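Dear colleague,

Here is the structure I said I would pass on. My notes on it follow below.

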Amino acid sequence: MDFRLKVFYTVALRLNFTKAATELYITQPAVSKHIQELEETYKTKLFERNGSKIALTAAGKILLKYTKSIFDIYREIDFEMSSFNKERQGLLRLGASTTISQYIISPVLAHFHQKQKDIKVNLLNGNTEQIENALINKEIEVGIVEGQSKNQSIKYIPFLKDELVLVCNSKNPLVKQNEISVSDLKSMKFITRERGSGTLEVIEFALKKAGLKFSDLQIEMQLGSTESIKSYLLNSDCFAFMSIHAVSKELKNKELIVLDVENLSIERFFYIITLIGKSDSLSELFIQNLASHYNLKL
């Protein structure tokens with residue numbers, strides 16, 4: 001593997017020479033030297049420099065595309081050749097959206113590691129939109145997300161059912177009511193996830209089917225993580241729709257409580273996502289391991 005390409009790839013992803021140097025355990029002048037050598041080889045600039053900021057040139061973008069493909073091939077070579085030694089080796093770049101990375105994926109990764117000790121897994125966290133973009137940009141091989149945006153270049157495989165429930169602090173005055181109506185939601189204050197969240201997308205769709213616009217809700221605050229929403233709920237009289245997987249501990253400890261909403265049921269699937277037409281043995285091995293962990297037939 002040409003180390004100069006690895007340096008270029010790292011700089012192109014980070015768009016920062018200092019961060020690339022730290023990640024590669026080399027000096028910043030060494031990073032600059034490798035990039036300069038590549039630019040001399042191809043007789044064109046790969047980065048535009050504007051003060052402390054850098055950006056890829058048109059030539060840089062083309063080189064990045066091919067560099068990603070080269071590294072994909074190297075990954076597949078390492079994995080396939082290691083099978084001859086009966087010791088599977090390689091690097092799996094996995095992405096998981098927030099709820100899944102925090103509450104679902106850890107037991108699966110532990111189970112996978114027990115079976116495949118020499119395979120390294122890098123886990124990228126983000127919302128569903130960010131994970132899908134990472135897959136499209138070939139920064140990961142497999143994603144697990146909460147929503148299904150139906151992107152034409154992505155294959156969606158349902159693997160685990162989830163329910164979104166309305167929760168609040170167990171000391172909230174409304175908990176005395178056995179059930180509330182959809183119209184009652186208009187007078188309540190909500191904490192929600194940020195735009196791009198698969199959870200938010202599913203909630204909006206379900207409310208629309210029940211005859212309520214998302215804009216009808218009083219949104220007190222948008223927060224970027226499930227944990228921050230739970231913490232806010234425990235210190236306020238606000239409400240939130242959350243995955244039952246995310247609040248199981250708080251429900252068990254009676255810190256949060258579920259409120260039933262008449263004629264409103266919000267169910268969804270978590271999805272394994274891969275690029276259509278793009279398959280490699282290491283990704284397939286992980287997906288099969290995931291399926292066996294949950295007794296699924298994929």
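Seven residues make up a nonpolar patch on the surface: Ile-62, Tyr-66, Ile-70, Ile-73, Tyr-74, Ile-77 and Met-81, together offering about 670 Å² of accessible area. Please keep in mind that this is a predicted model. Tyr-74, one of the patch residues, sits in helix α4, which covers residues 58-82. Its relative accessibility is 31%, so Tyr-74 counts as partly exposed.

On the domains: the assignment splits out domain 1 (3-82) and domain 2 (162-269). Their centres, taken over C-alpha atoms, are 44 Å apart.

Asp-162 belongs to strand β6 (residues 154-169). Is Asp-162 buried or exposed? It is buried, because its relative accessibility is 2% and the cut-off for buried is under 20%. The side chain of Asp-162 makes a polar contact with that of Ser-243, at 2.9 Å. Leaving out residues up to four places away in sequence, Asp-162 touches Ser-243, Ile-244, His-245, Ile-266, Glu-267, Arg-268 and Phe-270.

Two backbone angles are also worth listing. Lys-138 has a positive phi, near 60 degrees, and is not a glycine. Lys-138 is in the loop that runs between α7 (128-136) and β5 (142-145), and with a relative accessible area of 30% it is partly exposed. Asn-263, likewise not a glycine, has a positive phi of about 60 degrees. Asn-263 lies in the loop between β11 (256-261) and β12 (266-275). At 73% relative accessibility, Asn-263 counts as exposed.

Regards

Technical notes:
Residues are numbered from 1 along each chain as its sequence is written. This is a predicted model: local features need pLDDT of at least 70, side-chain atom pairs count only at pLDDT 80 or more; totals for chains, interfaces and linings use all residues. Side-chain values use heavy atoms; hydrogens and water are left out. Patches are made of residues with over 30% relative accessible area and no salt bridge: like charges are joined within 9 Å, nonpolar side chains (Val, Leu, Ile, Met, Phe, Trp, Tyr) within 5 Å. Accessible areas come from the Shrake-Rupley method with a 1.4 Å probe; for residues, only the protein chains shown count as cover. A salt bridge is a side-chain nitrogen of Lys or Arg within 4 Å of a carboxyl oxygen of Asp or Glu. Helices (H or I, at least four residues) and strands (E, at least two) are DSSP runs, numbered from the N terminus. Buried means under 20% relative accessible area, exposed over 50%, partly exposed in between (1.4 Å probe, protein chains only). Domain bounds come from an automatic or database domain assignment. A polar contact is a pair of N or O atoms within 3.5 Å; within protein, one must be able to donate a hydrogen and the other to accept it, and residues adjacent in sequence count only if both atoms are side-chain atoms. Contact means heavy atoms within 4.5 Å.
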